[in-house]
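Please read the sequence and the three-dimensional view together before turning to the notes below.

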Amino acid sequence: MSQHVRNGWYLGAWSHEIGRTLKQRWITDMPVCFYRLPDQTVTAVEDRCPHRKYPLSLGHLDDEGTLQCDYHGYRFDGRGACVGVAEQTDRPKAALRRFPLVERDGAIWIWPGDPELADESLLPDTSWLNDPGWTHVHGVVPLKARHLLLLENLLDLTHETFLHPTSIGNAAVAATPIDVTVDGDRVGFSRRMTGIEAPPFYEKSCGLTSPVDRWQDGEFHPPGVFILHIRVAATGTEEPEGFHMRVLYGMTPARGNETHDFYALGRDYLIDDEELTTFQHEQQLAVMQEDVDALEAQELMYATDPGGTAESSIKSDLAALRGRRSLMKMLAREQHGQPGQQGDRTARPTESV
Amino acid sequence: MTDPSAAVLDTLTTTEAGTASRHEAGFDGTLVVLSRRNVAAGVVSLELGPRSGEGEGGGEGEGEPLPAWRPGAHIDVVLPTGITRQYSLCGPAGHTSRWRIAVLREPDGRGGSQWIHDNVHEGTELRVRGPRNNFPLRPAARYLFVGGGIGITPLLPMIAEAEAAGADWSLLYGGRTHASMAFLPELEPYGERVDVRPQDQHGLPDLAGFLGDPDPSALVYCCGPAGLIDAVEARCASWPAGSLNVERFAAVTGQQPVGGENNPPIEVELRASGMTLTVPPQLSVLKAVEHAGVPVLSSCEEGICGSCETAVIEGEIDHRDSLLTEDERAAGDTMLICVSRARGGRLVLDL
Ligand code: FES
Ligand code: FES
Ligand SMILES: [Fe+2]
């Protein structure tokens, strides 16, 4: 049994990554082959030929959208049904497992679990990725660490102070407590920093000088999406005058303790400033590299931990601990044959931490 | 040795998941005080028995027999003031015609022991429940008993049993002064096995010398004030797991940190281990369970990390943690035992 929740939406690919060639990507310990049909609709099938399990992604896609396995020549149509084998007359009974997909706002979402349960309304709002008032950069970074470590990294941004001191972190982050909210399985937090020193990234990105107000509102949409809403403003000017940014992370379990770390960084100001876009993209990748290095170092320690010693936790871990619980509960529900991802309810604040 | 200040005893206990700890139907009714004796400065012993049956021509204590019990058992005495107190049975084990308890006058308590000292005489009727045993004596070749003050009470029947079984045993009995130490005459016949250490003459008892090196063949039983138990626990840290068995008589004094109305003592049944603990106001359920020798994970002890999460089978939870969501709280089937308590005085945990 996979240790990953499968009944839920994961970011499977960015739209631009998938075309008329075959692309393999492991998702929740399953090999998946992505491609587009002639009508441009995107398809994802299990990347194992039903004949002798050869990866279909090593095969060919023809102009009609027929997928051919390059080992013994099984061919599959756009719906995944086998339509023939090489030049033989008998048509084998075989079909490919196809995954529910949604392509929206430049992202391809995949539901690796029970197709019956796939529910589009559970997708987070990503309209800002497609909003003319916004601009963004995006990509995906390979991470050799388990999904949960990335999730906890994002739900506990106090680490910015220590891991990213030259870019987005400074003492104010760790010093400011968070409010945690829980909404069904979703976990949110917010941190309001007012009258603080501007971290270098925001000084350069927004042309601000200290003191600034900086707000972080994080949302974890289990099992695999985290969205951070960032607002930065000169102290005293509140919303809506501030600079708005959003960061989306698709945390998609790959194979074993590896994770696809999808990211998109958007802003709603100076959207035509390409230089700023380049600067922000470089910064984003630099910050993510600091996280990747840390998480891979941490992964080794978890993977080799003989166990028996408890972790220590503090109040700022609350959002991450709640996120961890959400995932564990979804997994438990799934193992009892219930839907993993559950619907929305009205968010309500719980306690300050 | 500090003042055992434990007359008003909220017993809290500790044992390995013991066979003898019980829940079986006990007695719940009225017993009459058959005798009252002063057994030390500030300590009275009471013998309780059923009122003699009508027409049985009966002398005292010849009514229906009381339930049998084993060393370490205690009974609840429900006072007319509404206070319930636990007292160890300290007469001959298994005695079913009368039960003996000893009560230390606790001037700083909430009045239970004072009420008994001032109002209970021969012939007084008291509401009694029990017995229950959270401190059972397990078989061993050798026993080391450590008693402090009134904490001698559960040890007396244990000693009798150890002696009858031919075990190698010894007792270190500490108290404030010789005069404050109860039951010395009953211990005298055991001679060298008993080391009586009033603090005003000998200072603090020499636990290191008494306990010696870890001995896998020995069990340590300790009852008395918290300071003594803590010291014995520290000494026994390197002993094999399960060697040490303690019963805490936590004094209910004016110094409870969060006590009072908000934090009444609660009764916690550990269903899987088959024991029931009384958790005094100043102790967390987690600590109580740990003292009872039941292994539980914990880390933060502040209701944050969730490692002590425990399934609740029955009882209404008073959630005091930071981690659980409102839904989880409302579901009422899980609690973080390091901080949360009970409304309604009783919980059944899946431990
Ligand atoms: S493995 Fe694909 S055709 Fe044989
Ligand atoms: S020990 Fe951390 S919540 Fe109880
Ligand atoms: Fe980071």
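The briefing below takes up confidence, one helix and the internal cavities.

This is a predicted model, in which local features need pLDDT of at least 70, side-chain atom pairs count only at pLDDT 80 or more, and totals for chains, interfaces and linings use all residues. Residues are numbered from 1 along each chain as its sequence is written, chains are lettered from A and ligands numbered from 1 in the order in which they are written, and side-chain values use heavy atoms, with hydrogens and water left out.

**Confidence**
- The model scores ipTM 0.79 and pTM 0.63.
- For chain B the mean pLDDT (the predictor's confidence in each residue, from 0 to 100) is 81, and 83% of its residues reach 70 or more.
- Over residues 1-24 of chain B the pLDDT is below 50, although this stretch has 121 contacts (heavy atoms within 4.5 Å) beyond near neighbours in sequence in the model.

**Helix α1 of chain A**
- Helix α1(A), a DSSP run (H or I, at least four residues), spans residues 147-155, and 8 of its 9 residues are buried, meaning under 20% relative accessible area with a 1.4 Å probe and protein chains only.
- Among these buried residues are His147(A), Glu152(A) and Asn153(A).

**The largest cavity**
- A cavity is a set of points, on a 1 Å grid over the protein atoms alone, where a 1.4 Å probe fits but cannot get out, and lining residues have an atom within 4 Å of a point.
- The largest cavity has a volume (the space filled by probe spheres set on the points) of about 220 Å³.
- Its lining has 21 residues, and those nearest its centre are Glu160(A), Ile168(A), Tyr249(A), Gln284(A) and Val287(A).
- α5(A) gives the most to this lining, with 4 residues.

How values were computed: Buried < 20%, exposed > 50% of the residue type's maximum accessible area, 1.4 Å probe, protein only. Helix = DSSP H or I, 4+ residues; strand = E, 2+ residues; numbered from the N terminus. 1 Å grid on protein atoms, 1.4 Å probe; cavity = no way out; pocket = protein on both sides within 12 Å on 5 of 7 lines; lining within 4 Å.
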